[in-house]
Amino acid sequence: MHAQPVMAHAASSRRRPSGAERLPGTSSECSDNVAAGPIPTPDAFRARVIKAVETLGSGFLAHPDNGTLRNRLASHDLTARSFYEQLIIIAFRYLFLRIADDLRIPHTPSVTGATSGNNAAWKEFMHACREFAPRNESHAQPRHTSPVCLWSDLLTPDLTGPDSGTDPLPEIDNQRFSRFVKKIANESRSPGALEIGRAAIPSGHLGYAYEALLALEPLFDAEARTFSLQYRARNNRRATGSFYTPALIVENLLDAALEPIISSRIDGAPAQSKEAALLGITVCDPSCGTGNFLIAAARRLAHRLAQLRSDEHRPDADVLQAAFCDVIRECIFGVDINPIAVELCKHALWIESRTDPSVVRSIDRHIKIGNALLGATPELIESGIPDGSCRVSAKDRAHSVSELATPTRRVRTDLIDEADPSAGSSHHARLIADTWCASFMWRESGSASAIDLPHDPTTPSAISDALFQSIRHDPESIASSLKQKIESLAAQSRFFHWHIEFPEVFPSPTGTGRSGGFDVVIGNPPFLNQLKSDTASDRRTAAMLSAITGGAARAYSDLSTAFLLLGVRLCRPGGRVALLEPMSFLSSRDSAPARASILSNASLAALWVSEARTFPGASVFVCAPTIERAGPRARRVKRSCASEFRALADIEVDMESLRGEGSWGPLAAAALAIPEFSFNASGVVGDHADATADFRDQYYGLDGFIVESQHVSHSEVTDSGYPPIVTAGLIDLAACHWGDRSTRILKRPWAAPRIDRTRMQSKGDLADWMSSRLIPKIILATQTKIIEVFVDEPGRLLPSLPLITVVPKAAADIWAVAAALASPVSAAIAMQRHAGSALSPQAIKLSAKQAMRLPMPTPDELASTATRLLQRAHTAPDAKNRHRLLLEFGRMSTEAYRVPADDAATLLAWWSSRL
């Protein structure tokens, strides 16, 4: 989930921190020189921008002089997506420039992205827009009075990237442009009655509109010469994990991450040093989107700085504005892979600062385009190219290092390990870092995915460590074709080397950096599930992330996990990281190496968990861990939950113990209303049983062998010859509904499905598997509110994926094992340990290994009584009696685990409500 716009209108259930108060003179407040119209809702403003972009696109396509544009789109020489991105830039540049003109901020080409034009040109353009738009569209205007004759050089998009276009803007007529201005600015017919001023457009609305545009796909009709946008389920917003962040989440993450840093930096510092200490705080969002986390952080820092300077609790507007500018110059950093988002972020900071070019230069230096995750570090460069960084086929060409040198290459005699990886110019340092990264992204020569460059026999099939070390020694010796391919790969993947891009934050080998890392890393990184084809990273990217994180970022962990690892690495000791994560991060197996890595040199300071869907249009449930780099190894962790960040009881946590447990789920138990209790146990289920979870082969291998009971001759139907097959939907606690409920297997409905065992033995591949399952066993269903087990003592049922088969090591233990698995204690522990890993935060998802780690009660009369009650529930005559027996089983089982009375009452109430 990208760090996308804050909903500026969102209300908080408690007073916002004083540091979050808006600066007078920002884009959400009124000014005497701006006409204040009614404030549109975010949805109304979003709809307005969408219509304006459609109008602009149709205007370009409809103009008779734009045949080249139409032909390029029709031939896919210019993709509809690239054309759409340029339209978005034009629309948002106009919005920001219009607001800037309302605020009388000097236009600065370096931040507006203009290819030419000075402040006078911008003034003339905006004046023409104001004068022209309210007039009757049919009224002919002289060419020199319309904005169309002024805008081409000023608004030409200039995206950075392989698929970006830099052609001059095509033609558009006055009427179409007038409609665009009216729609995006909501101009009325009467000049002067404007709704676009800063009173009418809160800064969050702009980012919210941009996020909405990512969910739309462009369509153009060549014959009708029209351009339109429509929603598609698989859209660019989902593919990039871009969802806006509600304001309350932003403010509370700042409470957890920034406020402690501010307090520690200025509390106790001499009065004359407090201002410098505050301006020494650095805040970074590594997936900054349109910049709302950064703007909110800048406001807090500016408010505290203004208080220090004025010695007043509520400083006046001028002091606040000056403080805000100083904070932007010194404290705020951001990176995003999307050039459009970076431009919007720069615009937003520029508008908020309302100030001179020195701030604009800082914005350009501190807000950058790049893939924050894909970059080399001095340590990685020093270690060289790891083995297997790029796997190439046997047919690839092989070249020696000497073949890659230019004829003028100098002879080097110094040792490789004496070379300084950062030596030489910044250009050489970047080339060396890019080469390290390119070794992972190298494609086979001639492959469809190769960089489209002329063939050169000196270009290698892979970057070996020997070649890399040669380049480190003498960057000037690199062959031009090799250098060109490395630079093309770097541009395509947008490699981002933090120590090169922000040398003022990260120390060089000579120790000249300011702080050795950021004080705060905060934001909402993209959530990209690596198990889904449309959001998964390719294998080269996955291999590179694994190398960068020391194996902590696993192939199937969500991409946001890599951002959390990055945040900890970017923080200085004592700094804090607060990033939104999917709730599955707390307990999923694929995130376990990342959790362990984080706790090796950092500690968990706070945790927020929400079981509500925070992001409209996204199915993921979220949490927000706050990590302190080099923090205490034992501490009280602050906890909160729900959308209003309701405070929960702090919990004492030993970081070494938490690291060893392999799950942070128990810390979220209270947030999810899962009981917390003490109990006694005697070993684990795995001491008495084995468990197996089947795979896709056992699922698809059934195709063609399933039959309905009614289609088999009554004389031939036996459980041994045609064993019934059961699915998770047919299993409840102590009950199997085969034959009573319909189910679906292999996308087909079945009333009473069986497997033709004789046919499987002669024509199938699963005969041995069937024999191994048709034994006495416990069938365990997952993705359930409690742990649902059914004891198949006769061994007549075949379990279908994703059911788990549990087989006791001693046949006599089958009911005792089943009672332990079915216990309320096991259900609550499973929820605590694995919260968030299921499709719902209130469901239990267990693997076979995880089920075996659940506790066994002490074998005594209490445990035996509980076991007998579960056994009776299996043979209950009806659902009512089974429910009664299960409640008695739950009570007796809780006693068997010696749960204290008060805790037992809470546990039983929770469990019985889910039964």
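Here are a few short exercises on the structure above, each with a worked solution.

This is a predicted model, so local features need pLDDT of at least 70 and side-chain atom pairs count only at pLDDT 80 or more, while totals for chains, interfaces and linings use all residues. Residues are numbered from 1 along each chain as its sequence is written, and side-chain values use heavy atoms, with hydrogens and water left out.

**Exercise 1.** Find which parts of the chain the salt bridge between arginine 304 and glutamate 259 ties together.

*Solution.* Start with the cut-off: a salt bridge is a side-chain nitrogen of Lys or Arg within 4 Å of a carboxyl oxygen of Asp or Glu. Arginine 304 and glutamate 259 pass, at 3.3 Å from N to O. Next, place them: arginine 304 is in helix 12 (residues 292–310) and glutamate 259 in helix 10 (residues 247–266), so the bridge ties together parts 45 residues apart in sequence. Helices here are DSSP runs of H or I, at least four residues, numbered from the N terminus, and strands are E runs of at least two. Then check burial: both residues are buried, meaning under 20% relative accessible area (exposed is over 50%, partly exposed in between; 1.4 Å probe, protein chains only). Finally, look around: Glu251, Asp255, Glu259, Arg300 and Arg304 are linked in a network of salt bridges.

**Exercise 2.** Work out whether aspartate 364 and lysine 346 are buried or partly exposed.

*Solution.* First, the pair forms a salt bridge, with the closest N and O atoms 3.2 Å apart. It links distant parts of the chain, 18 residues apart: aspartate 364 sits in helix 15 (residues 357–366) and lysine 346 in helix 14 (residues 339–353). Now apply the accessibility values: aspartate 364 has 23%, so it counts as partly exposed. Lysine 346 has 17%, so it counts as buried.

**Exercise 3.** Decide whether glutamine 842 is buried or exposed, and list what it touches.

*Solution.* Locate it first: glutamine 842 is in the loop between helix 29 (824–834) and helix 30 (848–852). Its relative accessibility is 18%, so it counts as buried. Contact means heavy atoms within 4.5 Å. Setting aside neighbours within four places in sequence, glutamine 842 is in contact with Glu611, Leu672, Lys785, Met831 and Arg914. As a last step, look at leucine 672: the glutamine 842 side chain reaches its backbone oxygen at 3.1 Å.

Methods. Polar contact = N/O pair within 3.5 Å; in protein donor to acceptor, adjacent residues only side chain to side chain.
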